[in-house]
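Me: Can you walk me through this one? I'd like to go spot by spot and ask things as they come up.

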Amino acid sequence: MNLTLNHVHLKTTDPHKTAKFYVDTLGATIVSEIGTRGYRLNLHGLTLNMTTFVEDQTRQQVYGMEHFALNTDDMDDTVARLKTNGARVLEEMVAGNGRRICFLEGPDGVQLEIIETKA
């Protein structure tokens, strides 16, 4: 199982204002827009996604640092390992590009997003 950091996701009521803060204050650069919901930024090598709530996600969403995401080349093993160690599955879905995604809750309520990578 190979894991790599994908992104940290910040949920906000005003993605434009939040992105501007990270660009003007911390030197982030805007990489792309995420549909009409927000922005993807590069903060000195760390990918930050900033969006409003995502309407088609059914799990509870929160404002602030909402979750961090990891890529995996073995979705089934990764999710099984997390569950064995006490993580709770919140939502499983398939992205528009066909990749499987699983949101889990870890210790202290921290949410993790596991994203399947395809060779």
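Me: Which helix is Lys83 found in?
Reply: Lys83 is found in helix H2, which covers residues 75-84. Keep in mind that this is a predicted model.

Me: Is Lys83 buried, exposed or partly exposed?
Reply: Lys83 is partly exposed, because its relative accessible area is 47%. Partly exposed is the class between under 20%, which is buried, and over 50%, which is exposed.

Me: What does Lys83 contact, leaving aside neighbours within four places in sequence?
Reply: Val89 and Leu104.

Me: How far is Lys83 from Leu104?
Reply: They are 21 residues apart along the chain. In space, their C-alpha atoms are separated by 8.6 Å.

Me: What about Thr58 and Asp74, how far apart are those?
Reply: 24 Å, C-alpha to C-alpha. In sequence they are 16 residues apart.

Me: Where does Thr58 lie?
Reply: In the loop between S4 and S5. Thr58 counts as exposed, because its relative accessibility is 68% and the cut-off for exposed is over 50%.

Me: On to the strands. How do S2 and S3 run?
Reply: Antiparallel, with 5 bridges joining them. S2 is residues 29-34. Ile34 has Gly38 in S3 as its bridge partner.

Me: How many residues sit between the strands in that hairpin of S2 and S3?
Reply: 3 residues. Gly35 takes a positive phi there, near 55 degrees.

Me: And how many bridges join S3 to S4?
Reply: 6 bridges, and these strands run antiparallel too. Tyr39 stands opposite Met50 in S4.

Me: How many residues lie between the strands in the S3 and S4 hairpin?
Reply: 2 residues. His44 has a positive phi in this hairpin, near 50 degrees. His44 is a residue other than glycine.

Me: Is His44 buried or exposed?
Reply: His44 is exposed, because its relative accessible area is 64%. His44 lies in the loop between S3, residues 38-43, and S4.

Me: Which strand is Thr51 in?
Reply: Strand S4, residues 46-51.

Me: Why does Thr51 count as buried?
Reply: Because its relative accessibility is 1%. The cut-off for buried is under 20%.

Me: What does Thr51 touch, not counting residues up to four places away?
Reply: His9, Leu10, Lys11, Thr12, Pro15, Ile34, Arg37 and Gly38. You met Ile34 and Gly38 as bridge partners.

Me: New topic. Where is Glu66?
Reply: In strand S5, residues 64-72.

Me: Is Glu66 buried or exposed?
Reply: Glu66 is buried, because its relative accessible area is 4%.

Me: Which side chain makes a polar contact with the side chain of Glu66?
Reply: That of His67, at 2.6 Å.

Me: What else is Glu66 in contact with, beyond four places in sequence?
Reply: His9, Leu10, Lys11, Arg59, Gln60, Gln61 and Gln111. His67 links up with Gln111 as well: the two stand opposite each other, with Gln111 in S8.

Me: How do S5 and S8 run, parallel or antiparallel?
Reply: Parallel, with 6 bridges joining them.

Me: How does S8 pair with S7?
Reply: In the antiparallel sense, over 5 bridges. S7 is residues 100-105. Cys102 stands opposite Ile114 in S8.

Me: How many residues of S8 are buried?
Reply: 6 of its 6 residues, so S8, residues 111-116, is mostly covered under the cut-off of under 20%.

Me: Which way do the S8 residues point?
Reply: Gln111, Glu113 and Ile115 point one way. Leu112, Ile114 and Glu116 point the other way.

Me: Last topic, pockets. How much space lies in the largest pocket?
Reply: About 490 Å³. Its lining has 25 residues, and the closest to the centre are Arg37, Arg40, Asn49, Ile101 and Glu113.

Me: Which elements give two or more residues to that lining?
Reply: S1, S4, S6, S7 and S8. S1 is residues 3-11, and S6 is 88-94.

Me: Which one gives the most?
Reply: S1, with 4 residues.

Me: What classes of residue are in the lining?
Reply: The lining of the largest pocket has 8 nonpolar, 10 polar and 7 charged residues.

Technical notes. Residues numbered from 1 in each chain as written. Predicted model: local features only at pLDDT ≥ 70, side-chain atom pairs only at ≥ 80, totals over all residues. Heavy atoms only, no water. Buried < 20%, exposed > 50% of the residue type's maximum accessible area, 1.4 Å probe, protein only. Polar contact = N/O pair within 3.5 Å; in protein donor to acceptor, adjacent residues only side chain to side chain. Contact = heavy atoms within 4.5 Å. Pairing = 2+ DSSP bridges. 1 Å grid on protein atoms, 1.4 Å probe; cavity = no way out; pocket = protein on both sides within 12 Å on 5 of 7 lines; lining within 4 Å. Points joined across faces, edges and corners; volume = space filled by probe spheres on them. Nonpolar A, V, L, I, M, F, W, Y, C, P; charged D, E, K, R; others polar.
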